[in-house]
Amino acid sequence: MKVFIILAAFAALAAAVELTDEQRAAVKERAKACAQQEGVTKEQAQALRSGNFADADDKVKCFANCFLEKSGFVVDGQIKPDVVLAKLGPIAGVDKVKAVQAKCDSLKGANKCETSYELYKCYHNNQAQI
């Protein structure tokens, strides 16, 4: 049940940002579908949500990719900065989002799962700035 908030940090960029009920439902559905698709455990989901990146396996990395793709932030392993800014700018502030984008959006992994995972880590680690 708590899987829906795994990547809410990326979607909201800060725990203090309030999501509407509709946004929460959409996040929950995307996370649930991706968790089932990639086969991540509850423990893996909780570790990712809490920022514990030490033991992330390929399933966790592909979960991050699935979620970010379903959210529209990533397409075929490529970050969509315009989508990120359009969705997160009104929530967190355009200048703050742009600052995090400058740090994170150029990250690349060996494949689309690793790229999305690295993007998630970077946004998570920089959420305090937003």
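Start by selecting Cys122: this side chain is buried, with a relative accessible area of 13% (buried means under 20% relative accessible area, exposed over 50%, partly exposed in between, using a 1.4 Å probe and protein chains only). Now add Cys104, and you have a disulfide with the sulfur atoms 2.0 Å apart (a disulfide being a pair of cysteine sulfur atoms within 2.5 Å). Cys104 lies in helix H6 (residues 94–104) and Cys122 in helix H7, so the bond ties together parts that are 18 residues apart in sequence. Helices here are DSSP runs of H or I with at least four residues, strands are runs of E with at least two, and both are numbered from the N terminus. Look along the S-S bond: at -80°, the link of Cys104 and Cys122 is left-handed. Cys104 counts as buried too, at 0% relative accessibility.

A word on what you have open: this is a predicted model, where local features need pLDDT of at least 70 and side-chain atom pairs count only at pLDDT 80 or more, while totals for chains, interfaces and linings use all residues. Residues are numbered from 1 along each chain as its sequence is written, and side-chain values use heavy atoms, with hydrogens and water left out.

**Zoom out for a moment**

Colour by secondary structure and you should find seven helices and two strands in the chain. Walking along the sequence, the order is α-α-α-α-β-β-α-α-α. The chain has 130 residues, and 43% of them count as buried. Take the contacts between residues at least 6 apart in sequence: 65% of them join residues at least 24 apart (contact means heavy atoms within 4.5 Å).

**The other cysteines**

How many disulfides does the structure hold? There are three, and with bonded cysteines counted along the chain they follow the pattern 1-3, 2-5, 4-6.

Next, select Cys34 and Cys66. Their sulfur atoms sit 2.1 Å apart in a disulfide. Cys34 belongs to helix H2 (residues 21–38) and Cys66 to helix H4, so this pair ties together parts that are 32 residues apart in sequence. The torsion about the S-S bond is -75°, making the link of Cys34 and Cys66 left-handed. Both ends are tucked away: Cys34 is buried at 0% relative accessibility, and Cys66 is buried with a relative accessible area of 6%.

Then move to Cys62 and Cys113, another disulfide, with sulfur atoms 2.1 Å apart. This pair links distant parts of the chain, Cys62 in helix H4 and Cys113 in helix H7, 51 residues apart. Which hand does the disulfide of Cys62 and Cys113 have? Its S-S torsion is about 100°, so it is right-handed. Cys62 is buried with a relative accessible area of 18%, and Cys113 counts as buried at 14%.

**Where H4 meets H7**

Keep that last disulfide on screen and show helix H4 (residues 58–71) and helix H7 (residues 112–125). The two helices pack at an angle of about 80°, with their axes 7 Å apart. Axes are lines fitted to C-alpha atoms, for helices over the stretch in contact, and angles run from 0 to 180 degrees between N-to-C directions. H4 and H7 are therefore roughly perpendicular to each other (65 to 115 degrees; under 35 is roughly parallel, over 145 roughly antiparallel and the rest oblique).

To see the contact itself, select Val60, Lys61, Cys62, Ala64, Asn65, Leu68 and Glu69 on the H4 side, and Lys112, Cys113, Glu114, Ser116 and Tyr117 on the H7 side. These residues divide into six nonpolar, two polar and four charged. Ala, Val, Leu, Ile, Met, Phe, Trp, Tyr, Cys and Pro count as nonpolar, Asp, Glu, Lys and Arg as charged, and the others, Gly among them, as polar.

**Last stop: the salt bridges**

Side chains of opposite charge can pair when their charged atoms come close. A salt bridge here is a side-chain nitrogen of Lys or Arg within 4 Å of a carboxyl oxygen of Asp or Glu, and the count comes to two.

Pick Lys112 and Glu69: their side chains form a salt bridge at 3.8 Å, N to O. Lys112 is in H7 and Glu69 in H4, 43 residues apart, so to speak a link between distant parts of the chain. Lys112 is partly exposed, with a relative accessible area of 38%, and Glu69 is partly exposed at 27%.

Finish with Lys121 and Glu118, whose side chains meet in a salt bridge at 3.5 Å, N to O. Being three residues apart in helix H7, Lys121 and Glu118 are separated by about one helical turn. Lys121 is partly exposed at 22% relative accessible area, and Glu118 is partly exposed at 27%.
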